[in-house]
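Me: I am new to this structure and would like a close look at a single part of it, namely the nonpolar core. Please take me through that core slowly, and then through the parts of the chain around it.

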Amino acid sequence: MSASCYIPENLTEALEIRKKVHAIPLAGGTDLMVQAKRGIGINPVFPAPIMIITNLEELKGIRVEEDGTLVIGALTTSAEIASDERVFYHIRKAASLMGAVSLRNSATIGGNIANASPKGDLPQPLILLDAEVVLSSIDGERSMKVDDFITGAKKTALKDDEIIKEIRVRPVKATHLFYHKIGTRRANAISKLSLSILADVEDGIVKDFRASSGAAGNKVKRDRNVEMILIGKHIEELPSLVEEFTSAWDGILSPHAMPKYRRESTRRMLSYFLERIAAGAEPGIIE
Ligand SMILES: Cc1cc2nc3c(=O)[nH]c(=O)nc-3n(C[C@H](O)[C@H](O)[C@H](O)COP(=O)(O)OP(=O)(O)OC[C@H]3O[C@@H](n4cnc5c(N)ncnc54)[C@H](O)[C@@H]3O)c2cc1C
């Protein structure tokens, strides 16, 4: 451990410390401890004082507000998210596939977002759902879309006096859902690619369509203009739009991050989803 280590008992105390000494928040430590390690048997060294935030009750738990908004505290672990039926399918599924069981019991959603790894699993479904991150400082709160918070690989808009308090997801209407992560193996596999898709089909019309690609560039890839190719169309038109849509999607992926086979896999998954809807698939999860 570095010389200074704070263990605040509540959010106000934590924010005062954050303002005063810019201590680095440590939640599950699954990223931070790895980044600070110096070898077996040698204590890790941190670039600034550390603040263990695990006692902050204000950052814990999942709740649903009256208007249906889902609120996930920053300290909520992947295991807690994965086992809560109130959490939107894509987030739950992504959380359930993160690392191995031991990791999922420690890794928090706040840490996953703040770490801003292009291969991190939770930003991808959160960006699909237009989720917002709430940032607290001793001077007040501000919120912004997760998509705006993560500005690039390992880069965020977090100020040095702020802590992520919670993540807010407004209800999203969808009839058809798809999530897939490809890693090298089942446990502890970092994403080689991940893809979330949702569609809302009413009377044969695609009322909404969204997709987001993880591990596909410096940050999660999503593009409303590309999604608009399908929105408002009748499901019978979808087969004729597959090529235009998948080519446009391919265009937003980073060629550097996504070699040919990953792009082909993404194309195939998008095509498969659209073909299933065009064939009149029942509402639910497309597997
Ligand atoms: C073996 C292994 C396997 C892994 N597999 C996966 C995987 O499959 N998918 C995946 O996405 N990740 C994976 N990870 C990475 C890691 O577990 C996740 O990113 C995790 O969600 C980080 O959460 P944490 O609570 O451990 O963060 P910490 O390590 O505590 O912190 C990470 C960063 O976030 C900051 N931070 C934490 N909480 C807050 C907060 N509330 N406010 C502001 N800043 C905060 C910290 O200061 C630090 O910069 C793996 C890591 C390991 C070691």
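Reply: What follows starts at the core, moves on to the two domains and a small sheet, and ends with the ligand and two unusual backbone angles.

The model is a predicted one, and in it the largest nonpolar core has 71 residues. Within this core, I53 and I113 are the residues with the most contacts. Strand β12, which covers residues 193–202, provides the largest share of the core, namely 6 residues. Because domain 1 (5–51 + 58–169) and domain 2 (176–281) both give residues to the core, it lies between them. As a general background to such a grouping, nonpolar side chains in soluble globular proteins tend to be buried together.

I53 deserves a closer look, since its partners can be listed by name. If the neighbours within four places in sequence are left aside, I53 is in contact with A14, P25, L26, A27, L59, L75 and I163.

The two domains can now be taken as a pair. The protein chain is divided into domain 1 and domain 2, and their C-alpha centres lie 26 Å apart. To the contact between them, domain 1 brings 19 residues and domain 2 brings 20 residues. On the side of domain 1 that touches domain 2, the elements giving two or more residues are α4 (89–96), α7 and β8 (150–152), and of these α7 gives the most, with 5 residues. By class, this side of domain 1 divides into 12 nonpolar, 4 polar and 3 charged residues.

There is also a small sheet to describe. Three strands form an open sheet in the order β1-β3-β2, with parallel pairing, and its edge strands, which each pair on one side only, are β1 (5–6) and β2 (24–26). Strand β3, made of residues 50–52, is joined to β1 by 2 bridges, and these two strands run parallel. Across this pairing, C5 stands opposite I50 in β3. In general, the strands of a sheet pair through backbone hydrogen bonds, either parallel or antiparallel.

Strand β2 appears again around the ligand, where β2, α2 (32–36), α6 and β10 (163–169) each supply at least two residues of the shell. Among these contributions, that of α6 is the greatest, with 5 residues. The ligand has 31 residues around it, of which G28, G110, G111, N112 and A114 come nearest. When the shell is sorted by class, it has 17 nonpolar, 12 polar and 2 charged residues.

Two residues remain, and both concern the backbone angle phi. Most residues other than glycine have a negative phi. A116, however, has a positive phi of about 50° although it is not a glycine, and A116 lies in the loop between α6 (109–115) and α7 (123–128). Because A116 has 22 C-beta neighbours inside 10 Å, and 20 or more are needed, A116 counts as buried. D130 likewise is not a glycine and has a positive phi, in this case of about 55°, and D130 lies in the loop between α7 and β6 (132–137). With 16 other C-beta atoms within 10 Å, D130 is partly exposed, whereas A116 is buried.

Definitions and conventions. Residues numbered from 1 in each chain as written. Predicted model: local features only at pLDDT ≥ 70, side-chain atom pairs only at ≥ 80, totals over all residues. Core = buried A, V, L, I, M, F, W, Y, C linked by C-beta atoms within 7 Å. Buried ≥ 20, exposed ≤ 12 C-beta atoms within 10 Å, placed from the backbone. Helix = DSSP H or I, 4+ residues; strand = E, 2+ residues; numbered from the N terminus. Domains from an automatic or database assignment. Contact = placed C-beta atoms within 7 Å. Pairing = 2+ DSSP bridges. Near = placed C-beta within 6 Å. Nonpolar A, V, L, I, M, F, W, Y, C, P; charged D, E, K, R; others polar.
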